[in-house]
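Hello,

Here is the structure I promised to hand over. Please open it alongside this note, and then read on for what turned up.

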Amino acid sequence: LNKKIEKQLKENRLEVYNIGDRVHKKQLLFHESPKRMKAFFGGNRVGKTVAGAVEAVAHATGYSRFRKLTPSSGWVVSLTNEVQRDVAQKEILTWLPKSDIKDYVIRHGRKDDPANSIIDKIILKNGQTIGFKTCEQGRESFQGTSQGWIWFDEEPPLEIFQECQMRILDTRGDMWFTMTPLKGLTFVYNLVYLNERNDPDIEYWMAEWEDNPWLSQEEINKLVSTMTDEER
């Protein structure tokens, strides 16, 4: 029975996501929020990409323990092909139950090895798709289609963000960012952090290493002790 349970949990990790003695409270707040534009800001290893991937899987499958969702198709937007494969795509494949997958469309690589390939989209058995786009493809590749949701893993150029806004206009879709704000005071700072338009449908969270219950405080202290003030 234990072996059977372990196998089922490996195939559907969502069932043990943020359950038990250790939970990431800011991830929970992020998932519970019904706001149509959300942002999870933070440095490396704070759990922002995991939150973004789980949110994408929840929207695509319509399954969420945190709020009611209707299954819908959307895009995962990364900066480059390599970052897509090694970061956002890896997390999607981690949290998306294999039993929900009908087929893969591969941009570069082999269909029998999706983890080491560049996926163009995942077709689900419920008829929805999880598409993968990169900013290096250019604005034109983001034109023409309607989407139910869009996840930006790291900050996109303004022109690609604007194009993506048009993709969710007719669906009243959702959009979220998981990012380290390395580029300074850009449009995301004004749009989301300052919320200059006073849009009631915008919300954000700032996360630190201490917010991630799976990080060792001893390791955090050891790393911080080697950093300059600017790096901290």
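**The cores**

The largest nonpolar core has 31 residues, and the members that touch the most others are V76, I92, L96, I122, I130, W149 and W151. Several elements give two or more residues to this core. The helices are α2 (25-32), α3 (48-61) and α4 (81-95). The strands are β3 (101-108), β4 (118-124), β5 (129-134), β6 (149-153) and β8 (202-207). The biggest contribution is from α3, which gives 6 residues. Please keep in mind that this is a predicted model.

Another core lies apart from that one. This other core has 21 residues, including W75, C135, V188 and V192. As background, nonpolar side chains in soluble globular proteins tend to be buried together.

L96 is worth a click. Leaving aside neighbours within four places in sequence, L96 is in contact with V57, T61, I101, I122, L124 and I130.

**Helix α3**

How many of the 14 residues of α3 are buried? The count is 13, so the helix is mostly covered, taking buried as under 20% relative accessible area. From first C-alpha to last, α3 reaches 20 Å. That is close to the 20 Å expected at 1.5 Å a residue. After α3 comes G62, with a positive phi near 80 degrees.

**Two buried residues**

Start with H31, in helix α2. H31 has a relative accessible area of 1%, so H31 counts as buried. Not counting residues up to four places away in sequence, H31 touches Y17, K38, A51, V54, E55, F66 and R67.

Next is A39, in strand β1 (residues 37-42). Its relative accessibility is 0%, and therefore A39 counts as buried. Which residues does A39 touch, not counting those up to four places away in sequence? They are F177, V192, E203, Y204 and W205. Look at the pair A39 and W205: they are 166 residues apart along the chain, yet their C-alpha atoms are separated by 6.4 Å.

**Pockets**

The largest pocket has a volume of about 660 Å³. It is lined by 26 residues, and the closest to its centre are R45, G47, V50, E91 and N212. Both α3 and α4 supply at least two residues of this lining. The largest share, 6 residues, comes from α4. By class, the lining of the largest pocket divides into 9 nonpolar, 8 polar and 9 charged residues.

The second largest pocket has a volume of about 340 Å³. Its lining has 13 residues, with G43, W209, M227, E231 and R232 nearest the centre. Of the lining of the second largest pocket, 6 residues are nonpolar, 2 polar and 5 charged.

**One cavity**

There is 1 cavity of 30 Å³ or more. The volume of the largest cavity is about 60 Å³. Which residues line the largest cavity? They are L14, Y17, V54, A58, Y63, S64, R65 and F66. That lining divides into 6 nonpolar, 1 polar and 1 charged. Two of the names will be familiar from α2: Y17 and V54 are among the residues that H31 touches. F66, also in the cavity lining, is touched by H31 as well.

**Two loop residues with positive phi**

R172 sits in the loop between α5 (158-167) and β7 (174-179). Phi of R172 is positive, near 50 degrees, and the residue is not a glycine. Is R172 buried or exposed? R172 counts as exposed because its relative accessibility is 59%, and the cut-off for exposed is over 50%.

N198 is in the loop between α6 (187-193) and β8. Phi of N198 is near 55 degrees, again a positive value in a residue other than glycine. N198 has a relative accessible area of 65%, so N198 is exposed.

**Where to look**

For a quick tour, try these stops. Begin at L96 and its contacts with I122 and I130, among others. Then go to the largest pocket, around R45, G47, V50, E91 and N212. Finish at A39 beside W205, with their C-alpha atoms separated by 6.4 Å.

Best wishes

Technical notes:
Residues numbered from 1 in each chain as written. Predicted model: local features only at pLDDT ≥ 70, side-chain atom pairs only at ≥ 80, totals over all residues. Heavy atoms only, no water. Core = buried A, V, L, I, M, F, W, Y, C linked by side-chain atoms within 4.5 Å. Buried < 20%, exposed > 50% of the residue type's maximum accessible area, 1.4 Å probe, protein only. Helix = DSSP H or I, 4+ residues; strand = E, 2+ residues; numbered from the N terminus. Contact = heavy atoms within 4.5 Å. 1 Å grid on protein atoms, 1.4 Å probe; cavity = no way out; pocket = protein on both sides within 12 Å on 5 of 7 lines; lining within 4 Å. Points joined across faces, edges and corners; volume = space filled by probe spheres on them. Nonpolar A, V, L, I, M, F, W, Y, C, P; charged D, E, K, R; others polar. Expected span 1.5 Å × (residues − 1).
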